[in-house]
Amino acid sequence: MDLEPLNIENEVMEFAIASGEEDNGLDLEHNDEYEGYNGEMAENSSSAARDSLVLNGDPNLEPSERMEFDSEQAARIFYNSYARRIGFSTRVSVYQRSRRDGSIICRQIVCSREGFRREGGENRSKRQRTVTRVGCKAQMTVKKQNSGKWAVTKLVKEHNHELVPPDKVHCLRSHRHVSGPARSLIDTLQAAGMGPSGVMSVLIKESGGINNVGFTKVDCQNYMSSSRQRTLGSGGQHIFDYLKRMQEDDPGFFCAVQGDSENPTGNIFWADANSRMNYQFFGDTVTFDTAYRTNRYRVPFAPFTGWNHHGQPVLFGCALLLNESESSFVWLFQTWLAAMSGHHPISITTDQDRIIRAAVAQVFPGTRHRFCKWNVLREAQEKLFHVNQSHLTFESEFQRCINLTETIDEFESCWESLLQKYNLMDNEWLQSMYNVRQQWVPVYLRDTFFGEMSITQGSDSINSFFDGYINASTSIQVLIKQYEKAIASRYEKEVKADYDTINTAPVLKTPSPMEKQAANLYTRIIFTQFQEELVETLANPATIIDDGGSEALYRVAKFGEDHKAHFIKFNVFERKASCSCQMFEFSGIICRHILAVFRVTNVLTLPSHYILKRWTRNSKSGVIVDEHTLGLPGSSQESLTARYENLRREAIKYVEEGAASAHIYNVAIDALHEAAKKVYATKEQVSGITPSTLVKECQLQSDSVELDKKIEELTADLENASQRCEAYRSTLLSVLKDMEEAKLRITVKVHNTRLNLKG
C-alpha cells in the first residue's frame, strides 16, 4: 500500500509519518485564516455516520480497538466528538490507498498537536508563529474491512500536553463550524449593516452562551469577508461594462484587472482622468480607505483619497479587493502608482493590518506610513472591552494620553502611568500597539505632512469620499451608480467652494498686512484657519531667550499657561522659523507661535516658503506636464487629457472676464475668432510636418528645458537675495525705530532741563 498526501478542499497538503518532521496537514486548532469552517467535517456528516453513532447507543462512548463504523466519515466524526468531550482538537493525517482500485482503505486521525514544525527553510513565514506541535502521540487509525465496515486498528489515548477545559473547547479548530442556520442569520444581519461584534452578540444571545455558538468571532468575521467577495458574482459584469464604457469615453481613464476580466483572480483598480489630474495637484498625502473590512461596506470597495485646496476629500482612484494576500496588495499599490505617474506621496494612511503594512513598505519605501487612528481606537474598544467595563474612567484617560500629550516624553510618561494604574503591563495588544506607536500616536507624526488642520484630531475619522453614498446595504449592482453620484456631488461642492473663494471677501479681524495678503492667497476655508492662528498671537506673546546672532530662540506661551510654552528657532536673515509644535510641517499652515515671533521681529508679510501652493486659490494653475515628464507610457491620449484640462480651465477664466460688460464681450468674441483662425491654420501646418522637423522641434524643446532650468536657478537666487534684503530692511527699520525713541527721550530731557533752569 502507498502512503499519499490528503487532499482537502482542493488544497494539496503533505504529511510526515512518525518522523518528527512538520506535519502540514490542516491545523484545526491554531490557524487564523479562513479555511471553510471545517466544511468537510460538518457538512458531510451524513445520516449513515449519525446512524453509526446512534447504533453505538452511548453518546459518551469511549473509543477502543476493533470498534467498527459504517464509514470513514463516521469514524472521523466519532473521534472528533470524543475529542470535544476530552478537550483536544483533531486533524486527519496520512492515509493508504488500495493498489487494486486506488480507493482509500486506511486513515489516521490524530491530535492536532501531533508532530513538530520544521525550523528554518526558504519558505518560512516572516511572522513568528506560535508553537502548536509538541509531538503528541494520541491518535486513532481506522482500516476498511472486507465487510465494508471500518475498524479501529490502533488507538493511543495518552496526550503529552494539557487538555482544554470544557468552557474553552469551543475555541479549538476542529470544533468550530459556521452552520447553515448561523450562516443565514449572519447574512441577514450583515445585509442590515451590522458588524462582526454585533453579529456575535446576537448569536451568543440566541445560542444561550458563547460556548454554544460553535465558532469564534474570527470565524464570523472571516465568513462575512468571504460573503462580501461572493457578492461580486453576478454583479461583476456591471463593473466590467462600466470600465469598458469609460475607456471608450475618457481618453485618460486608467483601469487594470489582476488576472483577466473573464476570470479575475485578484483585485480590480480604476482611476478616471480627473482623479489622476487631482493627484498631480494634491498627491502629497494619501489615504487608502479599507472601511469595508469593518463591515461598513457590503462590497470589498476601497478608494484612494486625499485633500483638495479646500480641505475637502478628493479621489485618486478606486479598487475592488477580491484577494487580500500580500502579493495582491503589492500589485494594487504598484498599479495605482503607475496610474499616478510613478510619483510617490509624502505620506500614506491605512489601517494597521499586517499584510497592508508589508505591502506599503515594499511599494512605498520612502513614504511615511501612518495607521488610521480611528481604526486603532475602534480596535481598542474591542480588545480592552473588559477594562472599560471594570474601570469607567479608563477610556477617557486612554484617549487623553493619545490625543492631548504634546511631547514624546509626556506621552511616554502618561502611557507608563496608565498601564501601571490599571495593571495592564502584560496586556499583549497594548504592548503590540506601543511597539508601533511611531505610526499612529500623533505626537510622533508631527514632523510629516498629512494635510489635516489639527494634529491632535488627525485621523480621528476616516477620510471617506463616499460617506452617504456607499454603505453596508449597497450591492455590487448599484455600486457604480452610487459611485457616480458621489463624484458629481463632490465636484459640485468643490465648484461652490471655488465660487465662494473668488466672489466673497472675508471679514478681516486685524490691521495686519499679512492677514490681507493671506486673504488674497488662500482659499476661504484655509484662510479661516490661518486667521484663527493670527488672531491668537494677541494672547501668545513671544519672548526672546537666546539671541545667537543670525539665529535666535524665542519662547511663546499663552497668558496664564506658562507651563505649555513652545520654543521657536528663528533665522533673521532667511526669515525661517521652526516651532516645537510642528504645525506647519504637519498641516502646511503656519502656527500662532511662529506668527507671534514674526510680530516682534517686524515680519509684516508671509515669506513665500510658508505658503503651500496646494492650499491657495491658484493650486490648480500652471502647465500640466505631458506623459514623458510624468513617466507614463507615450500616448497621445494621455497628453490630450492634460491639454484638454488646461484649455478648459483657461476658457472658463476667459468667459468670466469676457462677460463682464458688452464692450468687453465684443472684444472677447473678436479675439476668439482670431484664435480660431490661428488654430485652423496651425492644424493645416501640422499635417505637413516631416520627421526632420520633429527632430528639430525636440532639440529646441531640449534647449528650452535647459533654459528654463537656468531661469529657475536665477529666480531662486533672486528670491534669496530679496529675502535677505527684506531681513536687512527689517533690521534697519528696527534700528531706526530705536534711534527715534532715543532721540525722543533726549528731546524730552532737554525740554525738562530748560524748564528747570527757568524756574
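The exercises below, each with a worked solution, concern the sheets, nonpolar cores and aromatic contacts of a predicted model.

**Exercise 1.** Determine in which order the strands of the open sheet that contains S16 follow one another, and what packs on this sheet.

*Solution.* Begin with the order: 4 strands form the open sheet as S16-S17-S18-S19, with antiparallel pairing. The edges are then strand S16 (542-547) and strand S19 (576-579), each of which pairs on one side only. As to the twist, neighbouring strands of this sheet are turned against each other by 25 degrees on average, with direction ignored. Within the sheet, strand S17 (residues 551-556) is joined to strand S18 (residues 566-571) by 6 bridges in the antiparallel sense, and Val556 has His566 in S18 as its bridge partner. Lastly, helix H20 (residues 592-600) packs on the sheet and touches S16, S17, S18 and S19, while its direction makes about 50 degrees with that of S18.

**Exercise 2.** Describe the surroundings of strand S11 (residues 285-288), and state whether its faces are covered or open.

*Solution.* Take the two faces in turn: Thr285 and Thr287 on one side, and Val286 and Phe288 on the other, are all buried, and both faces of S11 are thus covered. Next come the pairing partners. With strand S14 (residues 347-350), S11 pairs in the parallel sense over 3 bridges, and the bridge partner of Thr285 in S14 is Ser347. With strand S12 (residues 301-307), S11 runs antiparallel and is joined by 2 bridges; here Phe288 stands opposite Phe304 in S12.

**Exercise 3.** Identify the residues with the most contacts inside the largest nonpolar core, and the elements that give two or more residues to this core.

*Solution.* The largest nonpolar core has 33 residues, and those with the most contacts inside it are Phe269, Phe288, Phe304, Phe333 and Trp336. Two or more residues each come from strand S9 (254-257), strand S10 (268-271), helix H8 (273-282), S11, S12, strand S13 (313-320), helix H9 (326-339) and helix H10 (354-363). Of these, H9 gives the most, with 8 residues. A second, separate core has 32 residues, among them Tyr522, Ile589, Ile590 and Trp615. As background, nonpolar side chains tend to be buried together in soluble globular proteins.

**Exercise 4.** Classify the ring pairs Trp270 with Phe301 and Tyr279 with Trp336, and explain what each pair ties together.

*Solution.* The structure holds 37 aromatic pairs. For Trp270 and Phe301, the ring centres are 6.3 Å apart and the planes stand at 40 degrees, so this pair is tilted. Because Trp270 lies in strand S10 and Phe301 in strand S12, the pair ties together parts that are 31 residues apart in sequence. Trp270 and Phe301 are both buried. For Tyr279 and Trp336, the centres are 5.2 Å apart and the planes stand at 80 degrees, so this pair is edge-to-face, planes over 60 degrees apart being counted in that class. Since Tyr279 lies in helix H8 and Trp336 in helix H9, the pair ties together parts that are 57 residues apart in sequence. Both Tyr279 and Trp336 are buried, and both belong to one aromatic cluster, whose members also include Phe254, Phe316, Phe329 and Phe364.

**Exercise 5.** Find the rings over which Arg437 and Arg614 lie.

*Solution.* Arg437 lies over the face of Tyr434, at 3.9 Å from the ring centre. The charged end of Arg614 sits over the ring of Trp615, 4.5 Å from its centre, and Trp615 is included in the second core of 32 residues.

How values were computed: Residues numbered from 1 in each chain as written. Predicted model: local features only at pLDDT ≥ 70, side-chain atom pairs only at ≥ 80, totals over all residues. Heavy atoms only, no water. Pairing = 2+ DSSP bridges. Axes fitted to C-alpha atoms, helices over the stretch in contact; angles between N-to-C directions. Contact = heavy atoms within 4.5 Å. Buried < 20%, exposed > 50% of the residue type's maximum accessible area, 1.4 Å probe, protein only. Core = buried A, V, L, I, M, F, W, Y, C linked by side-chain atoms within 4.5 Å. Phe/Tyr/Trp six-rings, centres within 6.5 Å; stacked < 30°, edge-to-face > 60°. Lys NZ or Arg CZ within 6 Å of the ring centre and 35° of its normal.
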